[in-house]
Structure formats: structure tokens, C-alpha cells
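Q: I am new to this structure and would be grateful for a close look at one part of it. Please set out the answer as a connected account.

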Amino acid sequence: MRALLLSALFFSMVVTFSSSCKKEGPADVVIVVTDTLGRTVSGALVTLRQDSVTNSVNGVQASVNVQQTTDGSGQAYFSFELEAVLIAEAEKGTKTARDFVRLEKSKTVTKTLVIR
């Protein structure tokens, strides 16, 4: 009986300490821009935005609007504190792409946009 009680106490301590030490990281996203042939596109302007969400408590409208230019491998990197669903847009010259991306806490999400 005593061994069972000690085991239960040990187990609850392990669960408590491991969960209290668990830290949540940012919600990261990598946008990869390609052309219709699957080749990566460097120098494309990528915009992530959210402009149609209003906080139901205080009535403040969200105003996320960030931009990055894709690097030599066609990638743009973003990091956010909170989860969200954002509009992802890419453009280079007259070619554009648009889609949605869902950010997840403590994860890196990769989204490919094909410009046409």
C-alpha cells in the first residue's frame, strides 16, 4: 500500500513539473513562392494580413499586415506570438497568388503559393 502511495505521489510530481516547465513557442510560418513549373521565385513580395476580424469584447479590429521578400530559395519567414488564420499573398511583377494560412502555436507551418 505504501509503495503504491509513493508511486502515485512520484507520478503526480513528474506530471506537475513537466507540465509547468513546458513552454509554448511562437507560431512560425514559412511561405514558399513557386511558379507554375514548380521553380522557386526569389524577390517576390509576400504579405500576410488579417483585416476583417473584430474583437467581440472591446470592438477593436485586427490590423495584422506584414511583408517580407522571398530569399534566394523562394522563402519568406514570419513569426507571431498568437495563433491566427491569415490571408497570404505573393506578387512578382504582374504575377500573383493568394491563399490562407493557419498559424499554430509552437509550430512552423509551411505554405506554398504558386504565382500565375
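Is Glu104 buried, partly exposed or exposed, and what is its relative accessibility?

A: In this predicted model, Glu104 counts as partly exposed, because its relative accessibility is 24% and a residue is called buried under 20% and exposed over 50%.

Glu104 is also a partner in salt bridges. One of them joins Glu104 to Arg102, with the closest N and O atoms 3.7 Å apart. Arg102 is itself partly exposed, at 48% relative accessibility. Another salt bridge brings together the side chains of Glu104 and Lys107, with an N to O distance of 3.3 Å. Lys107, at 46% relative accessibility, likewise counts as partly exposed. A further group of residues, Arg49, Glu89 and Arg98, is joined into one network by salt bridges that share partners. By the rule applied here, the count of salt bridges comes to 6. As a general matter, side chains of opposite charge can pair when their charged atoms come close.

The salt bridge between Lys111 and Asp99 may be described next. The closest N and O atoms of this pair are 3.2 Å apart. Lys111 lies in strand β7, whereas Asp99 lies in strand β6, which covers residues 95–103, so the salt bridge ties together parts that are 12 residues apart in sequence. Both partners can be placed by their accessibility as well: Lys111 is partly exposed, with a relative accessible area of 22%, and Asp99 is partly exposed, with a relative accessible area of 30%.

Strand β7 leads to the sheet to which it belongs. This is an open sheet of 3 strands in the order β4-β1-β7, and its pairing is mixed. The edge strands, each of which pairs on one side only, are β4 (75–80) and β7 (108–114). From one strand to the next, the twist averages 20 degrees. Strand β1, made up of residues 27–34, pairs with β7 in the parallel sense, and the pairing runs over 7 bridges. For Val29, the bridge partner in β7 is Val109.

Arg49, already named as a member of the salt-bridge network, deserves a description of its own. Its place is in strand β2, which comprises residues 45–50. Arg49 is buried, because its relative accessible area is 16% and the limit for that class is under 20%. The side chain of Arg49 makes a polar contact of 3.3 Å with the side chain of Glu89. Leaving aside neighbours within four places in sequence, Arg49 is in contact with Val64, Asn65, Leu86, Ile87, Glu89 and Arg98. Glu89 and Arg98 thus appear in this list and also in the network with Arg49.

Glu91 completes the account. This residue lies in strand β5, which covers residues 84–92. Glu91 is partly exposed, with a relative accessible area of 42%, whereas Arg49 is buried. Not counting residues up to four places away in sequence, Glu91 touches Ala44, Leu45 and Thr96. Along the chain, Glu91 and Arg116 are 25 residues apart, and their C-alpha atoms are separated by 9.1 Å.

Key
Residues are numbered from 1 along each chain as its sequence is written. This is a predicted model: local features need pLDDT of at least 70, side-chain atom pairs count only at pLDDT 80 or more; totals for chains, interfaces and linings use all residues. Side-chain values use heavy atoms; hydrogens and water are left out. Two strands pair if DSSP finds at least two bridges between them. Helices (H or I, at least four residues) and strands (E, at least two) are DSSP runs, numbered from the N terminus. Axes are lines fitted to C-alpha atoms, for helices over the stretch in contact, and angles run from 0 to 180 degrees between N-to-C directions. Buried means under 20% relative accessible area, exposed over 50%, partly exposed in between (1.4 Å probe, protein chains only). Contact means heavy atoms within 4.5 Å. A polar contact is a pair of N or O atoms within 3.5 Å; within protein, one must be able to donate a hydrogen and the other to accept it, and residues adjacent in sequence count only if both atoms are side-chain atoms. A salt bridge is a side-chain nitrogen of Lys or Arg within 4 Å of a carboxyl oxygen of Asp or Glu.
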